[in-house]
Amino acid sequence: MCCLGCKAVAEFIEASGLHAFYEFRSQPDTDLNLTPEEAGWSHFDDADLLGRYVSQQGDIAETSVDIGGMYCSACVWLLDNAMQQQSGIASIDVNPAVRRAVIRWNITDLKFSELLQAIARIGFKPSPVGIGQGVDAKTGEYRLALKRLIVAAAAGMQVMMFAVALYAGDYFGIDANIERFLRVISLLVTLPIVLYAARPFFLGAWRGLRARSPGMDLPVSIAIIVAFVASTFATWTNSGEVYFDSVAMFVLFLSTTRFLEMRARHRSTDHATALAQLLPDTAIRIVDGTATKVALDRLRINDTISILPGDVIPIDGEVLTGTLEVDESMLSGESLPVRRQQSDTVFAGAIVRSGNATVRVTQTGASTSLAEIGRMLERARADRPPIAMLADRIAAKFVLAVLTIAACAGIFWYWFDASRAFEVVLATLVVTCPCALALATPAALAAAASRLARNGFLLVRSRILEVLSQPTTIVFDKTGTLTEGRPVVLQTTLLAGASDATAVLRIAAALETVSEHVLARAFAEHYDANTPQPMDVTVVAGAGVTASLDGRRYRIGKANYVAELSQATLLDDDDDPRWTKVYLGDDNEILARFSIGDELRQDAAKAISELQQAGFTPIIASGDRESAVRNIATKLGIDTWHAGLTPADKLQLLARLQQSGEAVVMVGDGINDAPVLAAADASIALDSGTALARASADAVSLGRYLGTINTAIHIAQKTRRIIRQNITWAIIYNATAIPLAVTGVLMPWMAAIGMSLSSLIVVFNALRIQRMPEAQS
Amino acid sequence: MNILYLLIPLGLLLLGAAVAAFFWAVGSGQFDDLESPGMSVIMDDDTKPKGE
């Protein structure tokens, strides 16, 4: 399950007995790791805030709200239906691609805050968008690309139709006037393709020229312009051949691949909101002892705010009073919660596991360390090393070669028979119409992407396939990537008096149900509903829990605290620093010791050893303590590991690895991994991680298994082979066709058939990737 | 064959109209979400479980 919407829908489906739904869904399920929150929104009813977010016409108000936690159609359905049931809602328009809803409602029936609350109650996270921002950039880009595509397709089909008539005319004979007429019409219909649909290519080529690093867009633009100008000239002078169909198809194919890539990119990247949605919208400010809820952007430095258990800390600050146990794992990679007390610093984005505190604000908004990570991410992305895709490299050389050959042939014919020179140059350029070559890579990549999606591996940028197809270095984050990222009872050691590990665990689990401590979650999976409820409970923060079960007094928690109850001396023979230890005792003796740590993902060992066998070098780069990292590295047989790294350290490590000339793949999940994910040659984020990590990566691995990475490598290799075959074929085809064209033997209609056939072969070859058998994992 | 001089421009006019209609549809947001409307057809029947 990907989100709360799905969870609610799943429960509903379950309740109505519609299990068949699951046979039709398109993706394997993932872990759900979201908690609905009941935030207060009343401050949004203030006149000035209301004016910022809501436009009103009489009683009817309209607002745009970004919906956090919405991933799929089920979410849209849920939001739609839940909102329709609210009174006063006039209309709701949800766009899942950009995760935004436009809502019109009657503001006298329903206050703005109540509207937001209603959205939050279903489990989504609404963040109102200021009015006047209009259509967001993404939707704008999408709509424009779609329009260009449809112009290319509609006009392209027409041109193709006229071209068929002209080819047939070449063969069977055609009235000269009709031929002339068809050419002029083709020219007119191609005009919007070149002027409107192909614009992005020209702009890209121009940008490349100015930046002195011409990419694929330059040869593409040259091909389009040369073919179009030459055909126009031929139409004007009523001589030679016209190749408007080639221009049209070329633009159509290329626009289609670009369009698909853009859609994949939009779907998974959402930087701005990914960062902002990590933080709450409100904070509790304390002025002269009275607490008021205020919008986050109203907090000023030196304000005092109150922090409660379960909060996400909204600012960087200094603890004034109280003690907090905070989970900074997403920021630093530290796997266990850390204690923050008076005059300690707390960071925006950390999650409070337990404790209360008042905190003095030291940094807000753009100056928090969280925002700094965001900026680091942007810089890293900009500095990313360019990867020359195999196809780009070959295509660039190929186009250069074609241009040279055409030029040589032109010079030769000019000298030999000047009247035919122009015609031969054109024939050469067109017979090599790079359809097969242009399709070779995109077709294979599209097939690979859909094949991988079936395995729970979503491609965002296809360059990752290029990198994964050859053995290289893979850098893994530890917490949440190699490990599950949550505490688990790894070992139960029975001490004096106890005999049954299961029974002991059951008691421990029952006791821990009353605790909010993060380690208590480790026991949740051992909970048995038949165990009696703990009575007479005392929770001592930072020490443990005392309670009665079946009339017996138990204590669970730290060694000293537990030993106090029975006055027994604890013979601690285990000082292994890797684990956190929790003890269970009753009023007679100490019963058991639980070693708690962050467990490896189920298939981590297998996945890593398979990677090593395939020639890849795994490395661990973690922000966690050395002992914890070393332990994991030893278990997995990874020789190179680095502990205690800050996000900046990780970037440096990456730069060092890249300097040695290797392509580096990064696998991570946390906020602290995001910059490295963006800077690596290719990167994979785990779906259980933060939105920011997902938005920074080239691919997202759904589900709980690392094995999908091995599958991805497998398919990447296959894809590379297919691309090679396709390109080889395209080159062979051209190598035979070019001499014929240069010598003036080839008729245009033969070239057209050959071109279509070679394109078809390329596409069918690419489809073989889809039929690869499922990998066992 | 002279009829072609009339029919082809006529066809192009229709094409122009189709493209214009499409542009309008894109502009009014009809293509922004291509997935959920398809599913909502199935799901709408299920929204009244309290029926009977």
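**Stop 1: chain B**

Select chain B: it has two helices and zero strands. Here helices (H or I, at least four residues) and strands (E, at least two) are DSSP runs, numbered from the N terminus. This is a predicted model, where local features need pLDDT of at least 70, side-chain atom pairs count only at pLDDT 80 or more, and totals for chains, interfaces and linings use all residues. Residues are numbered from 1 along each chain as its sequence is written, chains are lettered from A and ligands numbered from 1 in the order in which they are written, and side-chain values use heavy atoms, with hydrogens and water left out.

Stay on chain B. Of its 52 residues, 21% count as buried. Buried means under 20% relative accessible area, exposed over 50%, and partly exposed in between (1.4 Å probe, protein chains only). Chain B exposes about 3,800 Å². Carbon and sulfur atoms supply 70% of that area. Accessible areas come from the Shrake-Rupley method with a 1.4 Å probe; for residues, only the protein chains shown count as cover.

**Stop 2: a covered helix in chain A**

Now select residues 112-122 of chain A, which form helix α5. How many of its eleven residues are buried? Eight are, and the helix is mostly covered. Colour the buried residues; among them are A:F112, A:L115, A:L116 and A:I119. An α-helix has 3.6 residues a turn, so residues three or four places apart point the same way. Step past the end of α5(A) to A:G123, whose phi is positive, near 115°.

**Stop 3: two helices that cross**

Select α7 (residues 176-197) and α8 (residues 199-210) of chain A. Two packed helices are described by the angle between their axes and the distance between the axes. The axes of α7(A) and α8(A) come within 5 Å and cross at roughly 40°. Axes are lines fitted to C-alpha atoms, for helices over the stretch in contact, and angles run from 0 to 180 degrees between N-to-C directions. The two helices are therefore oblique to each other. Angles under 35 degrees count as roughly parallel, over 145 as roughly antiparallel, 65 to 115 as roughly perpendicular, and the rest as oblique.

Show the side chains where they meet. A:V194, A:L195, A:Y196 and A:A197 of α7(A) meet A:R199, A:P200, A:F201 and A:F202 of α8(A). Contact means heavy atoms within 4.5 Å. These residues divide into seven nonpolar, no polar and one charged. Ala, Val, Leu, Ile, Met, Phe, Trp, Tyr, Cys and Pro count as nonpolar, Asp, Glu, Lys and Arg as charged, and the others, Gly among them, as polar.

**Stop 4: a six-strand sheet**

Next, find the open sheet of chain A with the order β7-β6-β8-β14-β9-β12. Its pairing is antiparallel. Two strands pair if DSSP finds at least two bridges between them. Which strands stand at the edges? They are β7 (290-295) and β12 (345-346), each with a single partner strand, so one side of each is left without a neighbour in the sheet.

Zoom in on β14 (residues 357-363). Strand β8 (residues 304-307) pairs with β14(A) over four bridges. There, A:T304 stands opposite A:R360. Strand β9 (residues 316-322) pairs with β14(A) over six bridges. A:V319 has A:V359 as its bridge partner. β9(A) also pairs with β12(A), over two bridges. Look for A:G317 and its partner A:V346.

**Stop 5: another six-strand sheet**

Move to the open sheet β17-β22-β21-β20-β19-β18 of chain A, with antiparallel pairing. The edges are β17 (483-494) and β18 (535-540). The twist averages 20° from one strand to the next. Four bridges join β20 (residues 552-557) to β21 (residues 580-586). A:R555 stands opposite A:G585. Add helix α18 (residues 501-512), which packs on the sheet and touches β17, β19, β20, β21 and β22. Its direction makes about 110° with that of β19(A).

**Stop 6: a buried alanine and its helix**

Select A:A604, in helix α20 (residues 604-613) of chain A. Is A:A604 buried or exposed? At 0% relative accessibility, A:A604 counts as buried. Leaving out residues up to four places away in sequence, A:A604 touches A:L482, A:L636 and A:L706. A:A604 and A:L706 are 102 residues apart in sequence, yet 6.0 Å apart in space, C-alpha to C-alpha.

Last, add helix α25 (residues 707-742). α20(A) and α25(A) pack at an angle of about 30°, with axes 8 Å apart. They are therefore roughly parallel. A:A607, A:E610 and A:L611 meet A:G707, A:N710 and A:I713. This contact has three nonpolar residues, two polar and one charged.
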